[in-house]
Amino acid sequence: MAIQSTSTPLYEKFSLKSDAKRAVEIFILFLLISLLAYRLVHLEDRGLEWQVALVCESWFTFVWVLVVSTKWSPMSYKTFPQRILQRVNDFPPVDVFVTTADPQLEPPIITVNTVLSLMAVDYPAHKLACYVSDDGCSPLTFYSLMEAAKFAKLWVPFCKKYNIQLRAPFRYFASDTTALSGEDCSLEFQQARDTIKDEYEKLSRKIDDASQESFPFEFTGEFAAFSNTGRRNHPTIIKIILKNKGGHPDALPHLIYISREKRPKHPHHYKAGAMNVLTRVSGLMTNAPFMLNVDCDMYANNPQIVLHALCLLLGTKHERDCAFVQCPQYFYDGVKDDPFGNQLVVLQEYLGRGIVGIQGPFYGGTGCFHRRKVIYGLWPDDMKTKMKSFSSNGELTQEELLNGFGSSKQFINSAAHALQGNSDHPKDLSNSLEAACQVASCTYEYNTDWGKKVGWMYGSTAEDILTGMAIHTKGWRSLYCSPNPPAFLGCAPSGGPASMTQQKRWATGLLEIVVSKRSPIYGTLFMHLHFRQCLAYLWILIWALRSIPEFLYALLPAYCIMTNSHFLPKGQEPAIILPTAIFVIYNLYCLYEYFIIGLSMRAWWNNHRIQRITSTCAWSFGILSVVLKLLGLSETVFEVTKKEQSASTDSITYNVVRVAPTSIRK
């Protein structure tokens, strides 16, 4: 990889701050502090309800401080993929990870569409390798990928020949994309499109028919490895479905299926464990310096997303300024006005972009480009010969390698190449299969640093936040990539129960981090986590704890009616202006945030309503799960959210907003 020197930057940074919004936020904080002061002055004259209100409002004030700090300096980035095409002579390899865990909750046709969209991105095919992790060890998923590989031989050339913008087939054929994207309307194109559509319908029928049958496969040939296997009890299965043999940029990328070994008495660490296996297997086979991971439902919506991400990864002056590039999570076919509050548009637009202006966005678990060397535990100050684990001649010591990465000599060699900035890998993937099966075994990580100092971190079902925080704690920064059209689109939970399940899992995982030894407060006091980044992490980590004061505060009116008391100043008291002003100004402020990004008052109402339900239900159960774990009575469980493919034939819509930026001159 060679980058030609030029004064033209690959990206620009923009400030999105608003002095008016800052003034309102500070005024709300002033009102909250004034209300607390009033309660303290009159504390001795009041009863229990006053004391409970004081405690709850103190918590609300603390949370508001976290919110204001997080939203204070919002930033965004604009990338220029055309410039990188002019500056980079040899593009770096990129390994793509797709994770799925349950063919019932995550139908294979969704995974297939995600894989096809990633294989068709605008990037040299011989520089891409797509790895699919199947934690359900499902022959149905493997069969679907094999059939998808056949279809890819038609789909990928079709997309690139006619510059198709929507490269997930189920979205492309769902509506009149020709009119939307201004594609070629020639007879040749129409015939090619009809042919591809027929082939995709055949693919869908094959997968649907296979999923309807109890035992649709004969466990012979390629499927022999799946005989006598269970979801939680099976050996490692690695299958090379597609291989770019000649290194041709216009051919198809590598496609590798992986189902890591699972045994009942060995912990598998949920998604974090699967990601670490993907990291090791890909390190042996292709060892790309950059890795993209997506969930099985997050298809590539922008065909140039890899180029957009490389603008940030290669455009920074220092590597420490970009450990990973996170893309926002947007969703397709969202229900109008977001009745279940799971589209997260406002949260990403304001708090998400606010975090970008501190030490960088959180790692969101999907739609993220990583530097492999950072995932391997590299510190920003330990580059090249400065690395603590390097010997005097600049090579990794054997002891450090064995302790950190395990016993596979082949993998140790590949890790050494990656940490030194090389991307050397074997030309024939088949030569690495034996070693790949070894590093994917359920016992490989024993007595190593995997999950502790290397790879995705263990100890929480919110492995994404924990891993990202570990990276930021070392002093790395991260960058935010939100091109137009959006990089990736996924499916949000389709109903209330699915949304509550997802929120409970998040709340449980986040609270697990709070009560663990990896607190962001420790990272700020003793390591390199920025203070305001620490506050931003605290804001998200205490989601579950917020349910307690909110629930108590909601009970106060009923308690006061039963005891003939009051927890707010009386109507004739001048102090009544404080809670009244807080209520009115805060709600008008929130309503303004919705209006300014094009959302309706109904969406504002729905989101606030569902937030109260989430707090008292899902988050409360999240607290209960962690308490039971701490008491040793139960273990937390990673609950997979049900994914459903849209069958809509309406025009394609997605929830994304743009705010006018102010350029920052460097």
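**Helix H1, two sheets and two nonpolar cores**

A good place to start is helix H1, where Lys21, Arg22, Glu25, Ile28, Leu29, Leu31, Leu32, Leu35, Leu36, Tyr38 and Arg39 are buried. The model is a predicted one. H1 takes in residues 19-41, 23 residues in all. From its first C-alpha to its last the helix reaches 33 Å, close to the 33 Å expected at 1.5 Å a residue. The cover over the buried residues of H1 includes four other helices: H2 (48-71), H11 (345-356), H20 (547-563) and H21 (577-596).

Moving on from H1, His42 sits in the loop between H1 and H2. With a relative accessibility of 23%, His42 counts as partly exposed, because buried is kept for values under 20% and exposed for values over 50%. The side chain of His42 also has a polar atom 3.0 Å from the backbone oxygen of Tyr38, and Tyr38 is itself one of the buried residues of H1.

Stepping back to the whole protein, the secondary structure adds up to 22 helices and 14 strands. Of the 666 residues, 55% are buried. Among contacts with a separation of 6 or more, 83% are between residues 24 or more positions apart. The accessible surface comes to about 28,900 Å², and carbon and sulfur atoms account for 57% of that.

Among the strands, E6 (residues 254-259) is mostly covered, with six of its six residues buried. Both faces are involved: His254, Ile256 and Ile258 are buried on one side, and Leu255, Tyr257 and Ser259 are buried on the other. E6 pairs with strand E4 (residues 128-134) in the parallel sense, over five bridges. Here Ser133 has Ile258 of E6 as its bridge partner. E6 also pairs with strand E5 (residues 237-242), this time in the antiparallel sense and again over five bridges. In that pairing Ile237 is matched with Ser259 of E6.

Elsewhere, three strands make an open sheet in the order E8-E13-E10, with mixed pairing. Strand E8 (299-300) and strand E10 (330-331) stand at the edges with a single partner strand each, so one side of each has no neighbour in the sheet. E8 pairs with strand E13 (residues 488-490) in the antiparallel sense over two bridges, and Tyr299 stands opposite Leu489 in E13.

That leaves the nonpolar packing. The largest nonpolar core holds 88 residues, and the ones touching the most other members are Tyr123, Trp155, Leu255, Ile305, Leu310, Phe369 and Phe488. Helix H5 (residues 139-161) gives the most to this core, with twelve residues. Apart from this core lies another, of 57 residues, which counts Trp50, Cys534, Trp539 and Ile623 among its members. Leu255 of the largest core has already come up as a buried residue on one side of E6. Tyr123 touches Phe91, Pro92, Val94, Leu128, Lys160, Val306, Leu307 and Leu310, leaving out residues up to four places away in sequence.

Methods. Residues numbered from 1 in each chain as written. Predicted model: local features only at pLDDT ≥ 70, side-chain atom pairs only at ≥ 80, totals over all residues. Heavy atoms only, no water. Expected span 1.5 Å × (residues − 1). Buried < 20%, exposed > 50% of the residue type's maximum accessible area, 1.4 Å probe, protein only. Contact = heavy atoms within 4.5 Å. Areas by Shrake-Rupley, 256 points an atom, 1.4 Å probe, with all protein chains shown as cover. Polar contact = N/O pair within 3.5 Å; in protein donor to acceptor, adjacent residues only side chain to side chain. Pairing = 2+ DSSP bridges. Core = buried A, V, L, I, M, F, W, Y, C linked by side-chain atoms within 4.5 Å.
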